[in-house]
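Student: I should like to understand how the terms applied to this model are justified. Could we take the assignments one at a time?

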Amino acid sequence: MEKKTGTTTVGIRVKEGVVLAADTQASLDHMVETLNIRKIIPITDRIAITTAGSVGDVQMLARRLEAEARYYYFTWGRPMSTRAMANLLSNLLNESKGLYLVQIIIGGYVNEPTIASLDPLGGLIFDNYTATGSGTPFAIAILEEEYRKNLSIEKAKDLAVKAVKAAGKRDVYTGSKKIQVVTITKEGMKEEFVTI
């Protein structure tokens, strides 16, 4: 018997940095397992990924990326760029040929603000905004209508929250109580939770 799960995660890139947002509900079929899961995982102090799909798969991939980022810094004396890490993750997913049941957004600000989405087979798309998970159609509708390249980081944060909130109203698998928000700028990474 197939068990249904779902979530909504959003990534937005603006001139000042990137914003990642996600609901905090973990669901399995018709049951809510918890309302307090973190779906945005820091990889370095400048790069994070979002989780949609198998939590265990994303956690394993996050540990692998963190190890690769440390090795890169030790070898080259500088941090791995978000673009390089996205390409590494794409290669890992492609080599597995669908073994990992995940949709991932990677976002960071190393040399420049960068957002990318990855599918389970390693398909990689760099963009200004994206969404993953079961609430994607609802979140994307908001992002497409309201995204502008000249948004401030605060306005981008408000838009990300609005997109996840809209998904939570219409998608039964997306939580509608609390949203995790991670902002990454030149100054670093900041996490907060918005209660709806």
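Student: Why is Glu154 called partly exposed?

Tutor: Buried means under 20% relative accessible area, exposed over 50%, and partly exposed in between (1.4 Å probe, protein chains only). Glu154 has a relative accessibility of 42%, so it counts as partly exposed. This is a predicted model: local features need pLDDT of at least 70, side-chain atom pairs count only at pLDDT 80 or more, and totals for chains, interfaces and linings use all residues. Residues are numbered from 1 along each chain as its sequence is written, and side-chain values use heavy atoms, with hydrogens and water left out.

Student: What makes the contact of Glu154 with Lys157 a salt bridge?

Tutor: A salt bridge is a side-chain nitrogen of Lys or Arg within 4 Å of a carboxyl oxygen of Asp or Glu. The closest N and O atoms of Glu154 and Lys157 are 3.3 Å apart, so the pair satisfies that rule. The two residues are three apart in helix H4, about one helical turn; helices (H or I, at least four residues) and strands (E, at least two) are DSSP runs, numbered from the N terminus. Lys157 has a relative accessible area of 11% and is therefore buried. Salt bridges with shared partners join Glu154, Lys157, Lys190 and Glu192 into one network.

Student: What makes Lys162 and Glu146 a link between separate parts of the chain?

Tutor: Their closest N and O atoms are 2.5 Å apart, in a salt bridge. Lys162 lies in helix H4 (residues 153-170) and Glu146 in helix H3 (residues 136-146), so the pair ties together parts that are 16 residues apart in sequence.

Student: How do you know that the span of helix H1 agrees with its length?

Tutor: The expected span of a helix is 1.5 Å times one less than its number of residues. For the 22 residues of H1 (residues 55-76) this gives 32 Å, and the end C-alpha atoms are 31 Å apart, which agrees.

Student: Which residues of H1 are buried, and how do you know on which side they lie?

Tutor: The buried residues are Asp57, Val58, Leu61, Ala62, Leu65 and Ala69. They cover an arc of only 130° around the axis (taken from the directions from the helix axis to the C-beta atoms), so they lie on the same side of H1. Arg63, Arg70, Tyr71 and Phe74 are exposed on the other side.

Student: Why is Arg70 called exposed?

Tutor: Its relative accessibility is 59%, so Arg70 counts as exposed. Arg70 also forms a salt bridge with Glu66 (2.9 Å, N to O).
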